[in-house]
Structure formats: C-alpha cells, structure tokens
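Me: I should like to take a close look at one helix of this chain. Please describe that part and set it within the rest of the structure.

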Amino acid sequence: MKKVYCQNCGKHIESKRDLFTTQIFFMIQAYCQSCYFERIKKVSALAVSNTPLNGRYSNFLALMTLVGLIMVYFAEIDYIKIPLLVVLSIVLFMRLYSFIRFERHLLF
Ligand SMILES: [Zn+2]
C-alpha cells in the first residue's frame, strides 16, 4: 500500500478523516486536515474549491454528476450536449482520480 503524505507539510496521512484532496486548477493534491483548512482560508476560492474532493458529500455529488451525465446523454439538446458531456466527465474523472491516487491507500 502506498503511503499518502500531505503536500504542504509532508505529514504522513494515516486515515481518511485526515485526508482532504482538493483540486487546484487541474491538479489534485492531498492535504492533512490542518493544512487544508489553513490553505482554504488563504487561497482565493477561484483557484481552490472549498469542497474537498473526498468524503461523503463529494460521493453524493459524484453520483448526481453521473445521473446528470446519463440524462444529458439521452436528452435532445444537440447544441450543448458535447460541452456538457465534457464538463461532467471531467468532474467525474477528478473524483475518480482522487480516489485512485490517494483514498484507496487508506483503510479508514
Ligand atoms: Zn499538512
């Protein structure tokens, strides 16, 4: 199992409760709890999403995104179908990437 370290302070993150993954532009980064909240306070909300990519709320959003993706796919909205599919796919991909890169290495 790969170890997950906080990208800011280098602390070894041992549990999912201490892991906060966030998206900065198109890069996914892992932070420990204290660094995450400190960073969110400092960095503008434009660059960093205030919602961590991992966690229950995020899983719910991912599910909603998936439902949205399926609905858009079957909807008859040809003029915005492709851009919508691309955006929703990126959102889902980010969630998946956060899981594969960090979360699956942590048991709890
Ligand atoms: Zn840290």
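Reply: The following account begins with the whole chain and then turns to helix H2.

This is a predicted model, in which local features need pLDDT of at least 70, side-chain atom pairs count only at pLDDT 80 or more, and totals for chains, interfaces and linings use all residues. Residues are numbered from 1 along each chain as its sequence is written.

The chain contains three helices and four strands, where helices (H or I, at least four residues) and strands (E, at least two) are DSSP runs numbered from the N terminus. Along the sequence they follow the pattern β-β-β-β-α-α-α. The C-alpha atoms fill a box of roughly 50 × 30 × 20 Å, taken along the principal axes.

Helix H2 comprises residues 56–74, 19 residues in all. Its expected span (1.5 Å times one less than its number of residues) is 27 Å, and its end C-alpha atoms are 28 Å apart, which agrees.

Is H2 buried or in the open? A residue is buried if 20 or more other C-beta atoms lie within 10 Å of its own, exposed if 12 or fewer, and partly exposed in between, with C-beta atoms placed from the backbone. The number of buried residues in H2 is zero, so the helix lies largely in the open. Of the 108 residues of the chain, 19% count as buried.

The unreviewed UniProt entry annotates residues 57–75 and 82–100 as "transmembrane region"; such annotations may be inferred rather than shown by experiment. In the model, residues 57–75 are 95% helix and 0% strand, while residues 82–100 are 100% helix and 0% strand.
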